Protein chains: 2
Amino acid sequence: MNSVFKALADPTRRRVLELLREGPRTAGQLADNFAVSKPTMSAHFAVLKAADLVASEKLGKQVVFRLKLSVLEDALLGFAGLFADRGTSAASTTPVETGDPA
Amino acid sequence: MNSVFKALADPTRRRVLELLREGPRTAGQLADNFAVSKPTMSAHFAVLKAADLVASEKLGKQVVFRLKLSVLEDALLGFAGLFADRGTSAASTTPVETGDPA
DNA sequence: ACAACAATTAGATATTTAGCTAATTATATT
DNA sequence: AATATAATTAGCTAAATATCTAATTGTTGT
């Protein structure tokens with residue numbers, strides 16, 4: 001999960017995921033959308049793969065990437081879930097202590 | 001939005017947000033939950049503030065932080081929204097081009 | 001006024017990260 | 001076999017990040 005958020009921290013990588021949402025793309029096709037070198041893109045792909053956000057398959061000389069949407073969903077919803085309303089009782093548990101001695 | 005994802009990239013900062021979900025806390029109370037120095041925590045708070053994920057108010061010698069849940073929600077849901085199903089037509093627009101000359 | 005406390009700022013360092021060019025690997029074409 | 005193409009690896013650099021200790025600021029209590 002940490003690796004997912006690390007991966008999402010970079011705007012280029014977030015954009016790659018968005019592009020992949022439209023369907024699988026080759027490394028070259030993805031790289032065409034950015035103003036950075038191929039090796040730099042390769043490094044971004046490696047980060048996305050390490051986070052398990054994309055899968056890759058070699059097809060001839062090309063490498064096709066596809067989005068692993070469920071992994072992205074699980075991370076996003078999983079984290080968001082930590083902030084969901086857990087009972088509408090009081091606004092705060094163990095509220096701010098002033099530290100003043102009684 | 002970029003600053004939000006940058007802020008979320010660090011596990012300490014994510015945990016701070018989780019703690020703040022329970023209600024406002026002082027810098028010291030938050031710091032008590034981590035094994036790093038106060039100045040380091042101060043730097044983390046600054047990142048969270050820059051991302052507008054928390055607000056702070058000075059109360060005597062203490063500083064009280066509170067979670068800006070709507071900002072977190074907007075970023076998370078906003079990004080997640082980019083991946084929502086947009087019509088169940090075909091699986092892919094502009095599919096993978098092999099690059100083979102016709 | 002002074003001491004204690006809470007927090008931040010200053011200043012330094014080590015690690016990680018994003019970027020580049022050049023070289024390499026693997027596949028396909030002629 | 002030689003050449004071209006797609007991608008990654010190697011090697012480097014600059015910038016950003018997380019961390020620390022020491023010093024400073026601001027506030028409260030004696």
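## Around the two DNA strands

DNA strand D has 24 residues around it, and A:Gly28, A:Pro39, B:Ser37, B:Thr40 and B:Gly60 come closest. Here a residue is near a strand if its C-beta atom, placed from the backbone, lies within 6 Å of it. Two or more residues of this surface come from each of α3 (27-31), α4 and β3 of chain A, and from α4 of chain B. (Helices are DSSP runs of H or I with at least four residues, strands are runs of E with at least two, and both are numbered from the N terminus.)

A quick note on the model: it is predicted, so local features need pLDDT of at least 70 and side-chain atom pairs pLDDT 80 or more, while totals for chains, interfaces and linings use all residues. Residues count from 1 along each chain as its sequence is written, with chains lettered from A and ligands numbered from 1 in the order written.

Now for DNA strand C: among its 25 surrounding residues, the nearest are A:Ser37, A:Thr40, A:Gly60, B:Gly28 and B:Pro39. Here's how both surfaces split by class (Ala, Val, Leu, Ile, Met, Phe, Trp, Tyr, Cys and Pro are nonpolar; Asp, Glu, Lys and Arg are charged; the others, Gly among them, are polar).

| Surface near | Nonpolar | Polar | Charged | Top contributor |
|---|---|---|---|---|
| DNA strand C | 10 residues | nine residues | six residues | α4(B), five residues |
| DNA strand D | nine residues | nine residues | six residues | α4(A), five residues |

Chain A also has an open, antiparallel sheet of three strands, ordered β1-β3-β2. Strands pair if DSSP finds at least two bridges between them. β1 (25-26) and β2 (54-59) are at the edges with one partner strand each, so one side of each has no neighbour in the sheet.
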